[in-house]
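Work through the following exercises with the sequence and the model open beside you. Each one sets a task and then solves it step by step.

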Amino acid sequence: MTRLCFAIVLALFISTPTWAVNETALLADSPPKVLSAYALFDDPAAQLPSAGVAPYDLVNPLFTDYARKLRFVYVPQGKSALYDSHEAFSFPIGSVLVKTFAYPTGAGSLRLIETRLLIHKQKGWVALPYVWNDEQTDAILKVAGKRMQLAWQESDGRTITTRYAVPNVNQCKGCHSVNERFTPIGPNARNLNRDFAYETGTQNQLTHWQELGFLTDLPEDRGSIIKLPRWDDPETGSLEARARAYLDINCAHCHRAEGPAHMSGLFLEVTQKGPVHWGLL
């Protein structure tokens with residue numbers, strides 16, 4: 001019996017994946033100076049995530065000076081985010097939202113510019129910007145932010161330039177604020193309700209998060225979850241519906257009754273029913 005119990009425990013140990021992320025670094029009072037210290041990526045330059053880190057995308061993008069964005073999420077093993085039908089999910093302490101900003105090089109690759117971490121620590125959410133070095137081997141913490149002149153080549157051959165701003169740690173609070181409480185913006189049900197091409201196959205992101213154990217209380221009736229149209233795909237919705245979906249992700253985090261721009265009376269959440277609050281007439 002003893003040998004049998006040992007064999008079962010050993011089998012469970014071998015079959016259960018171990019998350020590779022450095023949780024000590026995530027929860028440290030003094031953040032690491034380099035992004036690699038968190039062990040969020042197996043291959044940082046290729047943006048290949050470590051075990052326990054999942055890529056994700058939003059139905060519609062947050063616009064940032066034409067930057068491409070690569071998004072990842074980490075939830076500590078054995079813990080889960082709590083589903084919410086409207087707001088960003090309630091993530092457990094130790095979770096991190098990762099967003100890398102990059103531009104095309106013209107050779108089919110991307111030049112990584114910065115990776116922003118939103119870490120849920122004991123005292124609440126903390127935003128940390130890491131700027132990639134010229135060698136594209138690691139990113140360095142820039143608590144004061146940074147300004148840089150960038151040029152990139154689009155697929156049609158055009159070269160475009162912009163003055164790119166990496167925010168300091170306090171500027172992030174300007175948008176990430178609901179009822180004066182620092183909070184994530186993108187990862188809510190309506191923004192994640194879409195398919196994603198994972199290495200294991202294409203799957204709805206909400207379902208995938210639930211299967212990973214990242215999310216609990218997902219409704220059994222998936223049809224009850226808002227499915228937003230894509231802003232650039234006329235086949236997914238009317239012009240008005242697509243415009244409202246775009247404003248929802250890009251503007252409604254401030255322009256809502258609980259947001260920093262509440263005094264404007266312009267409320268742009270897609271769930272807002274009062275046309276006067278959309279700015280109509």
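A residue is called buried when its relative accessible area is under 20%, exposed when that area is over 50%, and partly exposed in between, with a 1.4 Å probe and protein chains only. The model is a predicted one, in which local features need pLDDT of at least 70 and side-chain atom pairs count only at pLDDT 80 or more, while totals for chains, interfaces and linings use all residues. Residues are numbered from 1 along each chain as its sequence is written, and side-chain values use heavy atoms, with hydrogens and water left out.

**Exercise 1. Find the aromatic partners of Phe89 and state how each pair of rings is arranged.**

Step 1. Rings of Phe, Tyr and Trp (for Trp, the six-membered ring) pair if their centres lie within 6.5 Å, and planes under 30 degrees apart count as stacked, over 60 as edge-to-face and the rest as tilted. By this rule there are 14 aromatic pairs.

Step 2. Tyr83 and Phe89 make a tilted pair, with 5.6 Å from centre to centre and 35° between the planes. Tyr83 is buried at a relative accessible area of 14%, and Phe89 is buried at 3%.

Step 3. Phe89 and Trp209 make an edge-to-face pair, with 6.3 Å between centres and 70° between planes. Phe89 lies in the loop between S5 and S6 and Trp209 in helix H4 (residues 205-212), so this pair ties together parts that are 120 residues apart in sequence. Helices (H or I, at least four residues) and strands (E, at least two) are DSSP runs, numbered from the N terminus.

Step 4. Tyr83, Phe89 and Trp209 belong to one aromatic cluster that also includes Tyr56, Phe91 and Trp125.

**Exercise 2. Describe the surroundings and the two ends of H4.**

Step 1. Gln205, Leu206, Thr207, His208 and Trp209 are buried in H4. Among the elements that cover these buried residues, by contact (heavy atoms within 4.5 Å), are strand S3 (53-56), strand S4 (68-74) and helix H3 (189-192).

Step 2. At the N-terminal end, Asn204 acts as a cap, a side-chain oxygen lying 2.9 Å from the backbone nitrogen of Leu206. Just after H4, Gly213 takes a positive phi of about 90°.

**Exercise 3. Trace the salt bridges that involve Arg256.**

Step 1. A salt bridge is a side-chain nitrogen of Lys or Arg within 4 Å of a carboxyl oxygen of Asp or Glu, and the structure holds eight of them.

Step 2. Glu87 and Arg256 are joined by one, at 2.6 Å from N to O. Glu87 sits in the loop between strand S5 (81-82) and strand S6 (96-104), and Arg256 in the loop between helix H5 (239-250) and helix H6 (275-278), so the pair ties together parts that are 169 residues apart in sequence. Glu87 is partly exposed at 27% relative accessibility, whereas Arg256 is buried at 6%.

Step 3. Arg256 also bridges to Glu269, with 3.7 Å between the closest N and O atoms. Both residues lie in the loop between H5 and H6, so this pair ties together parts that are 13 residues apart in sequence.

Step 4. Glu87, Arg256, Glu258 and Glu269 are linked in a network of salt bridges.

**Exercise 4. Decide how many disulfides there are, and explain the result for Cys251.**

Step 1. A disulfide is a pair of cysteine sulfur atoms within 2.5 Å, and the count comes to zero.

Step 2. The cysteine sulfur closest to that of Cys251 is in Cys254, and it is 8.6 Å away, too far for a bond.

Terms used. A polar contact is a pair of N or O atoms within 3.5 Å; within protein, one must be able to donate a hydrogen and the other to accept it, and residues adjacent in sequence count only if both atoms are side-chain atoms.
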